[in-house]
Amino acid sequence: MPVLYKPFQSTLEDKKSGKKLFYPRVVRSGNVDSAQLSKEIAAYSSLSPGDVKNTLDNLVTVMGQHLQSSESVSVDGLGTFRMVMVARGKGVETSDEVSAAQATLTVRFQPTTTNHDRTTATRSMVTGAKCARYDKLVSDAGSAGGGNSGGSDKPGGSGNEGGGEAPDPAA
């Protein structure tokens, strides 16, 4: 199944043209929970779905303990999790006045990076992903066309923008 996307118009005007430009945005088609993941992982291993679910639950517990100890957690082939503080705009005048109450704690995730040709780094979970424009897929469903309209072998590509990511509309 391809990664589905649809056109999204920015609410911000482009600095150069003054127009509100369109960009691709991923369409989420559902959510997979731990129980479903456990069943699917069990199919690839000698473990039961219950064993896998227990392992996932324990992974969350142990990761939480390490994150709360100011350690980052790297999972090979997946990525790195780390705790960050996000300031809530309540700055103080001196360093002595700084406290944790000025920020909220959150966890950030950075997917693993692979470097296939020693020049281009790619996020491992998007390598080889295919993309399909959702609105065209839906309209083609009634006709014989169907298929991967606008798809691309390039990560983040939509087939006609030359690969790579869409520009940040806020920039």
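This briefing covers the fold, one sheet and the aromatic contacts of the structure above. The model is predicted. The protein has 171 residues, of which 13% count as buried. Its secondary structure consists of three helices and eight strands.

**Overall architecture**

- From the N terminus onward, the elements follow the pattern β-β-α-α-β-β-β-β-β-β-α.
- Among contacts in the protein with a separation of 6 or more, 31% join residues 24 or more positions apart.
- The accessible surface of the protein is about 12700 Å². Carbon and sulfur atoms account for 52% of that surface.

**The sheet β2-β1-β8**

- Strands pair in a sheet through backbone hydrogen bonds, in either a parallel or an antiparallel sense.
- Here an open sheet is built from three strands in the order β2-β1-β8, with mixed pairing.
- Its edge strands are β2 (22-26) and β8 (131-133), each of which pairs on one side only.
- On average, neighbouring strands of this sheet are turned by 40 degrees against each other, direction ignored.
- Strand β1 (residues 3-9) pairs with β8 in the parallel sense, over three bridges.
- Within this pairing of β1 and β8, V3 has C131 in β8 as its bridge partner.
- Helix α3 (residues 134-141) packs on the sheet and touches β1 and β8. The direction of helix α3 makes about 65 degrees with that of β8.

**The aromatic pair**

- A pair of aromatic rings is described by two quantities, the distance of the centres and the angle of the planes.
- The count for this model is one aromatic pair.
- The pair is formed by F81 and F109, whose ring centres are 4.7 Å apart. Their planes stand at 40 degrees, so the pair is classed as tilted; the tilted class takes what is neither under 30 degrees (stacked) nor over 60 (edge-to-face).
- F81 belongs to strand β4 (residues 79-87) and F109 to strand β5 (residues 103-111), so the pair ties together parts that are 28 residues apart in sequence.
- F81 counts as buried, because its relative accessibility is 19% and the cut-off for buried is under 20%.
- F109 has a relative accessible area of 34% and is therefore partly exposed, a class that lies between the 20% and 50% limits.

**A charge over a ring**

- R25 lies over the face of F8, at 3.4 Å from the ring centre.
- By residue number, R25 falls in the range of edge strand β2 (22-26), and F8 falls in that of β1 (residues 3-9).

Definitions and conventions. Residues are numbered from 1 along each chain as its sequence is written. This is a predicted model: local features need pLDDT of at least 70, side-chain atom pairs count only at pLDDT 80 or more; totals for chains, interfaces and linings use all residues. Side-chain values use heavy atoms; hydrogens and water are left out. Rings of Phe, Tyr and Trp (its six-membered ring) pair if their centres lie within 6.5 Å; planes under 30 degrees apart count as stacked, over 60 as edge-to-face and the rest as tilted. Helices (H or I, at least four residues) and strands (E, at least two) are DSSP runs, numbered from the N terminus. Buried means under 20% relative accessible area, exposed over 50%, partly exposed in between (1.4 Å probe, protein chains only). A charge sits over a ring if NZ of Lys or CZ of Arg is within 6 Å of the ring centre and within 35 degrees of the ring normal. Two strands pair if DSSP finds at least two bridges between them. Axes are lines fitted to C-alpha atoms, for helices over the stretch in contact, and angles run from 0 to 180 degrees between N-to-C directions. Contact means heavy atoms within 4.5 Å. Accessible areas come from the Shrake-Rupley method with a 1.4 Å probe; for residues, only the protein chains shown count as cover.
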